[in-house]
Amino acid sequence: GFIKTQGTETITCVLKDGRVMWSGPIPKCEAPCGGHFSSPNGVILSPGWPGYYKDSQNCEWVIEAEPGHSIKITFERFQTEVNYDVLEIHDGPTLLSPLLGSFNGTQVPQFLFSSANYVYLLF
């Protein structure tokens with residue numbers, strides 16, 4: 001999902017001074033920094049997408065599958081600033097869970113599997 005970062009909840013077209021315009025500021029939506037996912041599939045986007053992610057963020061996501069299932073993570077696109085911005089993926093629900101991998105730059109595996117029904121991501 002996305003979060004609204006500016007604008008009003010609803011806007012309509014209005015006629016003002018002979019011109020058609022929006023009734024309020026145009027909303028802006030972007031991908032959130034972190035979250036909890038429990039749907040059978042989904043997409044995690046870079047914080048702030050479609051814009052660039054901000055400096056010095058700590059974003060945490062927990063992905064939860066049904067008990068007895070594992071989680072497959074695939075990468076469609078990945079690019080961070082090398083040696084500065086890192087994505088850690090842990091095999092469990094917390095930062096203390098075993099590390100599956102730590103990734104930066106453009107080097108990521110095609111996919112990863114969890115051993116149980118939780119994965120924790122830190123960016």
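Author: Two strands count as paired if DSSP finds at least two bridges between them. With that in mind, welcome to this predicted model.

Reader: Thanks! Let me start with the strand pairing: which residue of β11 is the bridge partner of Ile89?

Author: Strand β8 covers residues 87-90, and strand β11 covers residues 118-122. These strands pair in the antiparallel sense over 3 bridges. Within that pairing, the β11 partner of Ile89 is Leu121.

Reader: And which residue of β11 is the bridge partner of His90?

Author: His90 has a bridge partner in β9, namely Leu99. In β11, the bridge partner of His90 is Tyr120.

Reader: How many bridges join β8 to β9?

Author: Strand β9 spans residues 99-103 and runs antiparallel to β8. The pair His90 and Leu99 belongs to these two strands. The number of bridges joining β8 to β9 is 4.

Reader: Let me zoom out to the sheet: which strands stand at its edges?

Author: The sheet is open, with 5 strands and mixed pairing, in the order β5-β6-β11-β8-β9. An edge strand has a single partner, so one side of it is left without a neighbour in the sheet. The strands that fit this description are β5 and β9.

Reader: By how many degrees are neighbouring strands of this sheet turned against each other on average?

Author: The order of the sheet is β5-β6-β11-β8-β9. The angle between neighbours is taken with direction ignored. On average, it comes to 15 degrees.

Reader: On to the sulfur chemistry: which cysteine does a disulfide join to Cys33?

Author: A disulfide is a covalent bond between the sulfur atoms of two cysteines. The cut-off used here is a pair of cysteine sulfur atoms within 2.5 Å, and by this rule there is 1 disulfide. Its S to S distance is 1.8 Å. The partner of Cys33 is Cys59.

Reader: Is that disulfide left-handed or right-handed?

Author: The answer comes from the torsion about the S-S bond of Cys33 and Cys59, which is about -105 degrees. With that torsion, the disulfide is left-handed.

Reader: How many residues apart in sequence are the parts that this pair ties together?

Author: Cys33 sits in the loop between β4 (28-30) and β5 (35-37). Cys59 sits in the loop between β5 and β6. The pair therefore ties together parts whose separation in sequence is 26 residues.

Reader: Is Cys59 buried or exposed?

Author: Its bonded partner Cys33 counts as partly exposed, at 37% relative accessibility. Cys13, in turn, is exposed, with a relative accessible area of 55%. Buried means under 20%, and the relative accessible area of Cys59 is 0%, so Cys59 is buried.

Reader: I like to look for pockets: how much space lies in the largest pocket?

Author: The pocket is lined by 38 residues, and the closest to its centre are Val43, Ile44, Leu45, Thr74 and Arg77. The elements giving two or more residues to this lining are β6 (60-64), β7 (72-74) and β8. The space in the largest pocket is about 1400 Å³.

Reader: How many residues of that lining are nonpolar?

Author: The lining of the largest pocket includes 11 polar and 6 charged residues. The nonpolar residues of the lining number 21.

Reader: Now for backbone torsions: what is phi of Asn83 near?

Author: Most residues other than glycine have a negative phi. Asn83, in the loop between β7 and β8, has a positive value although it is a residue other than glycine. Phi of Asn83 is near 70 degrees.

Reader: How far apart in space are Asn83 and Asn104, C-alpha to C-alpha?

Author: Asn83 is exposed, with a relative accessible area of 65%. Asn83 and Asn104 are 21 residues apart in sequence. In space, C-alpha to C-alpha, their separation is 6.6 Å.

Reader: Is Asp17 buried or exposed?

Author: Asp17 is found in the loop between β2 and β3 (19-22). Asp17 is not a glycine, yet it has a positive phi of about 55 degrees. Exposed means over 50%, and the relative accessible area of Asp17 is 73%, so Asp17 is exposed.

Reader: One last stop: what distance separates the C-alpha atoms of Thr10 and Pro27?

Author: Thr10 lies in the loop between β1 (3-6) and β2 (13-16) and is exposed, with a relative accessible area of 63%. Thr12 is placed in the loop between β1 and β2 too, and its C-alpha is 5.4 Å from that of Ser23. Thr10 and Pro27 are 17 residues apart along the chain, and their C-alpha atoms are separated by 8.4 Å.

Conventions: Residues numbered from 1 in each chain as written. Predicted model: local features only at pLDDT ≥ 70, side-chain atom pairs only at ≥ 80, totals over all residues. Heavy atoms only, no water. 1 Å grid on protein atoms, 1.4 Å probe; cavity = no way out; pocket = protein on both sides within 12 Å on 5 of 7 lines; lining within 4 Å. Points joined across faces, edges and corners; volume = space filled by probe spheres on them. Nonpolar A, V, L, I, M, F, W, Y, C, P; charged D, E, K, R; others polar. Buried < 20%, exposed > 50% of the residue type's maximum accessible area, 1.4 Å probe, protein only. Axes fitted to C-alpha atoms, helices over the stretch in contact; angles between N-to-C directions.
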